[in-house]
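Good morning. I will go through one protein model today, and I will keep to what can be read from its atoms.

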Amino acid sequence: MGQKLEALDTKLRHYGFYSALHIIILTVSAILVWFISEDTFEGLQFYNRPRFMRAQFWICIFFLADFVIEFLLSPRKLHYVATRWLFLLVSIPWLTIFDVLHWHFGPEVEYLLRYIPLVRGGYALAMVVGWFANSKATSLFWSYLLTLIATIYFSSLAFYLFEGGVNSMVTDYGSALWWACMIVTTVGSSIEAVTPIGRVLSVLLATVGVALFPIFTVYISNLIKFKGSSKDNDAHK
């Protein structure tokens, strides 16, 4: 049985079955991001909107189906569960479950819950980036860069939602985006958070910046060094 599953797994990889799944996951994640962004800019309570709730529910169902399919096809099921358990958790439609049970939390928690399924989309994005990268280091670099961009964008959305109307310095989304860019670069911003969620985001963004920017510096330095070494070798030939 194990050998048959392994042979089937190899054949599916050869025909691009898993690649197609990753592309679909990335596409539906982009749709979810669009819904989140639209509701945030319009200042709407997404969890009271049937359209958003239906969209996230079916997207989560697709993520669960993907997890089950890959689990059934995996020749090493225990290893698959051990390395993919997080994807199972983030694929569960928590918002729908809480709504059916009439469990309601504060606006900060309910806003953050909408981002949970995007963790699965982030993994699919990393896989897609890996296809176009010519080395593992390049793949990691682009994955980190996209992670940084996504962190800035989603943090600026949350900051705009919770600080707008409360913080006189946040007059539009551009102000929130400027704040996020300045915080993540650890330069600091003239816009100070006045809400608890804004202060938490300030700390998290600064931490992400401190963790990721040295990686970019090392990668670019090594790339320049490699280019210089290549030119020297060509000159000696």
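I will start with the overall fold, then take the pocket, the surface patch and a few single residues.

Please keep in mind that this is a predicted model. The protein chain has 10 helices and zero strands. If you read the elements from the N terminus on, you get α-α-α-α-α-α-α-α-α-α. Of the 237 residues in the chain, 37% are buried.

Now the pocket. Rolling a probe the size of a water molecule over the atoms shows where empty space is left. In this model, the largest pocket holds about 940 Å³ of space. Which elements give two or more residues to its lining? They are helix H2 (17-41), H4, helix H6 (107-113), H7, helix H8 (136-163) and helix H10 (196-236). Helix H8 gives the most, with 10 residues. The whole lining of the largest pocket counts 32 residues, and those nearest the centre are Leu-118, Thr-147, Ala-150, Thr-151 and Phe-154.

What kinds of residues make up that lining? There are 25 nonpolar and seven polar residues, and no charged ones.

Next, the surface. Val-81, Trp-85, Leu-86, Leu-89 and Val-119 make a nonpolar patch of about 420 Å². Helix H4, residues 77-91, supplies the largest share of this patch, four residues. Val-119 lies in helix H7, residues 118-132. Is Val-119 buried, partly exposed or exposed? Val-119 has 37% relative accessibility, so it counts as partly exposed. The cut-offs behind that word are 20% and 50%: a residue under the lower one is buried, and a residue over the upper one is exposed.

With those cut-offs in mind, look at His-102. This residue sits in the loop between helix H5 (94-100) and H6. His-102 has a relative accessible area of 63%, and therefore it is exposed. There is also a point about its backbone: His-102 has a positive phi of about 60°, although it is not a glycine.

Two phenylalanines are left. Phe-41 is found in helix H2. Its relative accessible area is 39%, so Phe-41 is partly exposed. How many residues separate Phe-41 from Tyr-173 in sequence? The answer is 132, while in space their C-alpha atoms are 7.9 Å apart.

The other one is Phe-71, in helix H3, residues 50-73. Phe-71 is partly exposed as well, because its relative accessibility is 25%. Phe-71 and Arg-84 are 13 residues apart along the chain, and 9.3 Å separates their C-alpha atoms.

To go back over the main items: the chain is built with 10 helices and zero strands, its largest pocket has no charged residue in the lining, and the nonpolar patch takes four residues from helix H4. That is the end of my part.

Key:
Residues numbered from 1 in each chain as written. Predicted model: local features only at pLDDT ≥ 70, side-chain atom pairs only at ≥ 80, totals over all residues. Heavy atoms only, no water. Patch = residues over 30% accessible without salt bridge, like charges linked within 9 Å, V, L, I, M, F, W, Y side chains within 5 Å. Areas by Shrake-Rupley, 256 points an atom, 1.4 Å probe, with all protein chains shown as cover. Salt bridge = Lys/Arg side-chain N within 4 Å of Asp/Glu carboxyl O. Buried < 20%, exposed > 50% of the residue type's maximum accessible area, 1.4 Å probe, protein only. 1 Å grid on protein atoms, 1.4 Å probe; cavity = no way out; pocket = protein on both sides within 12 Å on 5 of 7 lines; lining within 4 Å. Points joined across faces, edges and corners; volume = space filled by probe spheres on them. Nonpolar A, V, L, I, M, F, W, Y, C, P; charged D, E, K, R; others polar.
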